[in-house]
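Hi there,

Here is the structure I promised to pass on to you. Have a look at it first, and then read my notes below.

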Number of protein chains: 2
Amino acid sequence: MTHCRGWTADDDGTIVTRLPGMHDVARVAGVSHQTVSRVLNGLPNVRPETKERVERAIAELGYRRNAAARSLVTRRSGVIGVLTPRTHLYGPTSTMIAVEVAARDAGYFVSLASVADSSAAALDAAVGHFKDQAVEAVVLIAPQRELLTAARIVAQDLPVVTMSADYRAAQPWLVSVAMDNRAGARLVTRHLLDLGHRDVAFIAGPQNSPEAAARLRSWRDEMRSAGLAAPRVYPGDWTSATGFAAGRRILADGLPTAVFAANDQMALGLLSAFGAAGVDVPGDVSVAGFDDLPDSEFFQPGLTTVRQDFATLAARCVGVLERILAGGLASSVCISGELVIRESTAPPRTR
Amino acid sequence: MTHCRGWTADDDGTIVTRLPGMHDVARVAGVSHQTVSRVLNGLPNVRPETKERVERAIAELGYRRNAAARSLVTRRSGVIGVLTPRTHLYGPTSTMIAVEVAARDAGYFVSLASVADSSAAALDAAVGHFKDQAVEAVVLIAPQRELLTAARIVAQDLPVVTMSADYRAAQPWLVSVAMDNRAGARLVTRHLLDLGHRDVAFIAGPQNSPEAAARLRSWRDEMRSAGLAAPRVYPGDWTSATGFAAGRRILADGLPTAVFAANDQMALGLLSAFGAAGVDVPGDVSVAGFDDLPDSEFFQPGLTTVRQDFATLAARCVGVLERILAGGLASSVCISGELVIRESTAPPRTR
DNA sequence: CACCCGATTGTGAACGTTCACAACGATTTC
DNA sequence: GAAATCGTTGTGAACGTTCACAATCGGGTG
């Protein structure tokens with residue numbers, strides 16, 4: 001019933017299997033290879049009857065277009081490169097997966113390259129890899145500022161869109177599709193202020209993260225514009241360990257009525273430190289995070305946080321990429337997150 | 001100084017840029033295209049002087065081989081597909097990145113496809129995607145048993161190697177490169193027993209994970225062979241939330257002298273529950289995990305756990321793949337992890 | 001000097017698609 | 001009834017490599 005692959009006998013007598021080509025399909029359907037091509041590409045001016053015959057032949061042979069031949073003549077590989085740092089943090093990995101989904105939906109293939117650091121050698125190697133593969137465009141996942149070098153290197157040869165942070169301020173020439181960290185942090189801070197908090201501490205992310213910087217700045221701005229002065233900032237590096245450490249220091253310094261951690265993992269460490277000290281959340285102190293990890297719902301108590309919609313973000317990114325590839329101009333995109341209110345935030349205890 | 005791209009004027013007068021080809025290099029070097037090819041492929045019988053001239057021309061033109069033309073004639077795409085579930089758990093993402101690194105080192109490109117679930121539709125789509133791209137082989141990251149269906153579907157058309165769990169027992173025909181979870185769990189259990197613990201509880205991973213099953217079974221076997229009966233098992237699903245819940249239940253049931261969590265995230269939840277209850281680790285109870293997250297070192301206290309070497313694992317995986325592609329037979333590989341002893345485990349308090 | 005042999009280089013034909021254009025038939029138009 | 005038009009189909013030449021094989025150039029050898 002199925003003769004999915006063609007075959008030819010070698011001189012040695014060995015059987016060499018060969019995937020069916022357009023010609024095979026054409027022969028079976030009784031048309032020319034060009035007609036097959038027309039059907040495949042959905043071009044008009046093919047008699048429905050002919051089209052059906054071709055499609056039947058395609059199905060019967062299990063034919064698939066040869067991507068190499070195709071891209072040889074069209075000069076388009078259909079491949080998008082994703083350049084990502086070698087981390088497994090929630091944001092970058094989620095972005096990577098989301099880009100894969102969006103790109104595949106749009107008919108692109110996704111090629112991956114990771115860099116251990118932002119050294120020129122590593123970046124050159126990755127870019128060379130992409131060029132060898134003739135990727136059409138690159139999505140750069142750049143959660144650290146150092147990776148902007150990558151953007152510059154990549155952009156010399158290929159269209160780039162950066163994700164994971166909004167670099168427009170620093171690099172106006174760069175197209176970036178990212179979450180609006182300012183707006184997200186504002187949502188959280190306002191939420192806490194609206195609940196009646198006046199003393200809101202902050203646990204910051206690492207220095208080299210533009211996202212961390214945006215969240216910190218937004219919180220500070222919001223506090224200031226509410227007329228609240230010089231609030232407390234504790235350093236962190238995204239890990240729950242530093243969240244825990246910050247928690248200890250906060251306990252030593254004396255509790256504020258609320259703490260805003262720049263990401264959920266640090267909030268987790270914080271909750272852990274508070275729990276260990278017998279401090280009740282949100283009774284004694286409210287805690288909010290940022291990211292909405294799948295786990296965050298199940299923290300004790302469930303964490304108030306900001307959710308990023310990676311799927312939309314990635315879809316927009318691919319959309320921008322397509323526009324650039326079509327020769328058009330594209331501008332950066334900023335998508336705001338959604339405040340998710342759970343049990344970890346409540347009005348301050350009235351004294 | 002640089003004339004990195006060739007160009008030709010269109011009839012319209014527009015300038016059409018074209019990447020340099022072998023012929024361009026050949027012309028510049030004053031040789032034939034075939035000689036260029038020989039230099040490029042490192043074939044013998046090229047006069048050093050000629051070789052150098054060609055190499056200079058290549059550098060001058062910024063020439064890169066056209067992958068499409070190459071794979072059209074060689075019938076090899078040089079692409080390895082990585083099929084991964086749409087999760088951002090530590091194991092799968094680390095594996096994915098590690099495979100990318102190993103594959104690139106071996107001269108392969110890595111194409112990504114993720115599946116949201118293990119439905120036939122999703123898997124067929126992913127496999128079709130790979131076939132359209134003519135990937136040479138597939139690395140299947142299968143942390144859930146359901147994904148074995150994927151292995152079967154993929155294997156119909158392409159060479160597969162599964163990672164992330166050893167499926168040899170269930171599917172002897174499958175080639176898998178994975179960590180030895182049995183051995184790893186044995187290391188932890190023995191470590192606890194050697195410290196003098198006799199009452200070691202276990203927090204299990206999800207039902208559909210073969211890794212979780214292996215760790216559970218190994219712990220149970222080890223306990224039994226030490227003459228210790230019917231030990232306590234608490235259910236979990238890898239998340240720290242269930243670790244926390246298990247911690248609560250353990251506190252209610254009465255403390256064992258040690259708890260072995262099937263992964264570090266659950267251990268984290270456990271530590272958090274213990275911390276909240278004022279239970280001292282390792283004074284009152286020892287805790288051990290599995291995975292060695294980057295964070296684990298910074299847990300309070302630093303977590304004793306088992307480290308997986310993803311880099312070696314991935315390198316072995318690519319090695320196996322190459323052997324298969326070369327037409328050879330390859331057998332499954334199992335790599336043992338390394339016990340990392342930190343502060344969370346200590347001898348039981350003498351009563 | 002003719003011969004052969006190894007090392008080096010060149011020539012032309014694939015590979016499987018798309019593109020530009022030609023050819024064909026059926027209808028319509030003058 | 002010839003010409004023009006439209007819809008449909010076929011033909012041949014790219015695309016940029018690799019592969020198989022032919023050609024050339026030395027220098028030894030009989």
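How many nonpolar, polar and charged residues does the surface near DNA strand D have? By class, there are nine nonpolar, 13 polar and four charged residues. Here Ala, Val, Leu, Ile, Met, Phe, Trp, Tyr, Cys and Pro count as nonpolar, Asp, Glu, Lys and Arg as charged, and the others, Gly among them, as polar. "Near" says that a residue's C-beta atom, placed from the backbone, lies within 6 Å of the strand.

Before we go on, please keep in mind that this is a predicted model: local features need pLDDT of at least 70, side-chain atom pairs count only at pLDDT 80 or more, and totals for chains, interfaces and linings use all residues. Residues are numbered from 1 along each chain as its sequence is written, while chains are lettered from A and ligands numbered from 1 in the order in which they are written.

Back to the DNA: 26 residues surround strand D, and A:Ser32, B:Met22, B:Ser37, B:Asn66 and B:Ala69 come nearest. Helix 4 of chain B gives the most to this surface, with five residues. (Helices are DSSP runs of H or I with at least four residues, and strands are E runs of at least two, numbered from the N terminus.)

The two protein chains also meet: 38 residues of chain A are in contact with 38 residues of chain B, where contact requires C-beta atoms, placed from the backbone, within 7 Å. On the chain A side, helix 5 gives the most, with seven residues. That side divides into 17 nonpolar, 14 polar and seven charged residues.

Enjoy exploring!
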